[in-house]
Amino acid sequence: MKEVIQEIENINNSFNYLVETIPIDENYDGDFITISIKDAILIKNSQARSSSKILNNYFPVNDSKVIKNTKDYFKNKNIKPIFIGKTIHDEFGFGGYNVNVGIDKKIPKNPYDDKRSCGGSSGGCAGFTAKTKFRHISIAESTGGSISTPASFCGVYGLTPTYGLISRDGLISYANSLDKIGIMAKDILDIAVGLEMIDGYDLNDCTNVKHENKNYVDLLNDDTKYKNNTIKIGLINLDENNQINNNVKDKIDQLKNNLDKSNIKVEIETVDISFINKYSLPVYYILSLSEASTNLSKLCGLRYGVQNIPTNLNYNDYFIKIRSENFSKETKRRIILGTFARMASYRDAYMNKAMRVRKLIIDKYLEIFNNFDFLIGPSTPTIAPLIDEIKNISPYEEMLADTYCCCPNLAGLPHISIPSGKDNNMPTGMMIISNHFTEDKLLWLSNKIK
Amino acid sequence: MKFTSDIIIGLEVHISLKTQSKLFCSCKNPSFHGKNIKANENVCNICLGYPGSKPHPNKQAVLFALKLANIIGCQIPKKLCFDRKNYFYPDLVKNFQITQDEFPIGMGGKIQIGLNEFVKLHHIHIEEDPGSMVISNNTCLIDYNRSGTPLIELVTNPVMTKPEQAREFLKKLIIILEYLNIFDRYNCTLKADANISIKETNYTRVEIKNINGFKDIEQALEFEINRQKDCVQNNETIKLETRGWDGTKTFFQRSKEEAADYGYYPENDIPPIKITEEIIKESMIDCNKDDIYYNKINNILEDFDINLEDLEIILEDKNLGEFFNEFLNKNCKYENKFNPQLVANYFRNRIIKILNQMEINFSKLNFNINNLTILIKKYLDKIIDNKINNLLLEKVLSESNFDLIKYIEENDLEQSSDDSFITDLAKKAILDNQIAVDAYKNGDLKSINFLVGVIMKNSRGKANPSTAKQILENILNK
Ligand SMILES: [Zn+2]
């Protein structure tokens, strides 16, 4: 274990992926798998700040459900899960590039080029997964693209499950109708293992849909369900002729070959999702910020986290002081925008309209999935940008990082980002989307791309 | 807007439900388990709103609300939806309250406050109670034991026209809630916010917050009406404002010129839950039409000749009412043994009076109900007298192992109608009280009562007074 501990220290010193480390028994010498956890997900007795200093000293009293499930999963297996620590992300998940770090920690760096972003918000998960030489699973979270974007930038696999499959109990909410806990890993097998280990119906999270756990690992190589049907794949967002898109097209060719070898028929055609593309980003931002602004209102320095009590201030001034001093600029911007969208005189124009359009987007997807099994396109429109360049772009441009991946997130659809190759020596990602609760199918297809 | 009355009153009533646990977690509900818990010891990560915690609704609370909605004739929506009402306050752990905004659990409905009198409701909804704050010496202490306990907010239309009507409304509401077994006046709380406006101010609406119980509501409203009338006379303008009530007067709290914007948002941690026919049925499982206070009163009035006001008072306590009804059916319906009004008198003037003295609710008593039936019959049969009845009634109601019959025998408490026993006493009384005997013989017929009193005294209450009187008359008129 000493080697593992040494590696964690080395990686962290150079790339800043962990905000909190968990003590490891250095004398353990059995089989193991290391596991990292996004800071927004609670693990008992380990400080959980969602990368914000307003939550300094918040030590949760319980494990989140995914941690409990993980511990249970490995109980009767000859392999021990080693929880190594909490990974850095944009404060509360607010960002696509992981430059919005709300605590006294350095910006994490891309594992392939330390001047570039590792993507956000689950950047620490992706970076550490890419960098460690040991078998590793990272428990990440996506609200509007926080798994796909960093997975793509760092060249690892990132699965965002269907909204409602994985319990959110113990996840610090960003936008509670959009937050999804997912998995990052170095190969598709460990994505399947990771999904099996965090899965499990949870009564305590009312949004968790009642279901039986599936054996995702066994189903990876099981072609029987697909032999007699034609797999229909829709290509999306591939109009432009660039390296990212060419990498996706190469992967599609590979996929086609492999399906042919397995005697599985496949049809591939281009699908127009311009309606979804046009409205997803604005709808996503209006709803996610509205929800975030109510979710974050509990953070006021009174019962946990940052405190300055007793105080001579009245409660209003005290709350204003604590929140002004401890939220980052981006967080304040999102709270103000989200509150505005909910106000009585604007809610019809923004919040209510966005909810209606979200419904239309979901309907549109479901209509597409009547005819298609999968949608495939690039995960992100660009490779990981330079950190110095990000500092100069507008908040709106920063939001564009999620252009592609916010669409399935908004519809709660399962999707996976798969490494597709390189562009200028930087990793590129390909995204596969499937219908609600068809993760087994999604992983099966992903496994055909090698 | 045109009003038909000079005074317009509307109420928003917050009712704490006696569910076993809180609304969104499994902590104890002090309205059920009592409030003897140290401050901040009846809390968990959910009712403290800790980051990462998620609410899950308490089925019992939903069933209670559905039962009430159904009984008072609300329209029940197809789905149960919760919303977040956002405002910052130290007793509100999440700085938003989980409540119901657009689709409350009951729309409309009405509360019956008299045989033919109803108050129409706007709606009822479910919400969580915040914690409680104690402010003293410029310091604020907060106790979250109450945080997250279930409330029903019941909003009337602005249809009441007199303070005593508001009082009657709350009084009857409490009875109705107790009949449904979802509230108990000793552990649960009921607080009202009253909106009041009078013609003289062009119906400018003033809100009085946090009035506890039905006695205060009448006083607070009367005070406020007089205050507003005084203001008008002194040419002061009444503004839209919120006022408090300290038990003797209303006082300014804040101006309402700018309406608060709570930025309501759906509580997405609790997706809409289908309200099925089955679940409505389940909510009514321990409840039927007879569990409505006035239905029960009407049923009794159909069969028995009893004063309405007596019935209203006796049936205030559901269990006492049930016992009363049963007693009437067994003893007054076919056998015609007792006059039902005399039975009612006994319940109102004896039983309820003693319960009030004992400061206890009939349903909270631990006693042998057969004893009570025996005692009532003996009293109505004039086998025991008034004083002894009072003594026995208190023992019957307060001692669970009390053996009434044995006690009466051992202490020889039954009145005697035994002629020879009373004749002996009568003869002695005549001998000892010649003045009264002479007065009677000279035409002062009332002085015979004095002699009856002497017999009663010498028999230590055992002699039946009417028998004694008859025997005296027989002897004296010989
Ligand atoms: Zn609790």
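Donors, as I use the word here, are N, O and S atoms within 2.8 Å of the metal. I keep in mind throughout that the model I am reading is predicted.

**Entry 1: the zinc ion**

I first looked up how the donors of the zinc ion are spaced along the chain, and I found the pattern C-x1-C-x16-C-x2-C. The pair B:C25 and B:C44 links distant parts of the chain, since B:C25 sits in the loop between β1 (7-16) and α1 (30-33) of chain B, while B:C44 sits in the loop between α1 and α2 (59-71) of chain B, 19 residues apart. I then listed the protein donors, which are the SG atoms of B:C25, B:C27, B:C44 and B:C47, and I noted that they lie 2.3 to 2.4 Å from the ion.

Which arrangement do the four donor atoms around the zinc ion make? I read angles of 103 to 115° between them, and therefore I call the arrangement tetrahedral. Four donors count as tetrahedral if all angles lie between 85 and 135 degrees.

Is B:C25 buried or exposed? I noted a relative accessible area of 6% for B:C25, so I entered this residue as buried. For B:C44 I noted 21%, so I entered that residue as partly exposed. The cut-off I needed for this step is that buried means under 20% relative accessible area.

**Entry 2: helix α8 of chain B**

I turned next to helix α8 (residues 318-331) of chain B, which has 14 residues and reaches 20 Å from its first C-alpha to its last, close to the 20 Å expected at 1.5 Å a residue. At its N-terminal end I found a cap, B:D317, with a side-chain oxygen that lies 2.9 Å from the backbone nitrogen of B:N319. Among the buried residues of α8(B) I wrote down B:L320, B:F323, B:F324, B:F327 and B:L328, and I also wrote down B:K318 and B:N325.

What covers the buried residues of α8(B)? I found that the cover includes α3 (163-179), α6 (293-303), α7 (308-314), α9 (340-358) and α10 (369-380) of chain B.

**Entry 3: helix α10 of chain B**

I followed that list to α10(B), which has 12 residues and reaches 17 Å from its first C-alpha to its last, close to the 16 Å expected. At the start of α10(B), I saw that a side-chain oxygen of B:N368 comes within 3.0 Å of the backbone nitrogen of B:N370, and just after the helix I saw that B:K382 has a positive phi of about 60°. The buried residues of α10(B) include B:L372, B:L375, B:I376 and B:Y379, and I noted α8, α9, α11 (386-398) and α12 (404-411) of chain B as part of what covers the buried residues.

**Entry 4: B:R84**

I located B:R84 in strand β3 (residues 83-86) of chain B, and its relative accessibility is 2%, so I count B:R84 as buried. Its side chain is joined to that of B:E267 by a polar contact of 2.9 Å. Among the residues that B:R84 touches, I listed A:N176, A:E291, A:T294 and A:N295 from chain A, and B:F96, B:Y262 and B:D269 from chain B.

**Entry 5: strand β10 of chain B**

Last, I looked up strand β10 (residues 150-156) of chain B, where seven of its seven residues are buried. One side carries B:P150, B:I152, B:L154 and B:T156, and the other carries B:L151, B:E153 and B:V155, so that both faces are covered.

How many bridges join β1(B) to β10(B)? I counted five, with the two strands running antiparallel, and seven bridges join strand β7 (residues 117-128) of chain B to β10(B), again antiparallel. I used B:L154 to follow both pairings, since its bridge partner in β1(B) is B:V13, while B:I124 also stands opposite B:L154.

Note on methods:
Residues numbered from 1 in each chain as written. Chains lettered and ligands numbered in written order. Predicted model: local features only at pLDDT ≥ 70, side-chain atom pairs only at ≥ 80, totals over all residues. Heavy atoms only, no water. Donors = N, O, S within 2.8 Å, 3.2 Å for Na, K, Ca; no water. Tetrahedral: all angles 85-135°; square planar, octahedral: opposite > 155°, others 65-115°. Helix = DSSP H or I, 4+ residues; strand = E, 2+ residues; numbered from the N terminus. Buried < 20%, exposed > 50% of the residue type's maximum accessible area, 1.4 Å probe, protein only. Expected span 1.5 Å × (residues − 1). Contact = heavy atoms within 4.5 Å. Polar contact = N/O pair within 3.5 Å; in protein donor to acceptor, adjacent residues only side chain to side chain. Pairing = 2+ DSSP bridges. Lists of a residue's contacts leave out its neighbours within four places in sequence.
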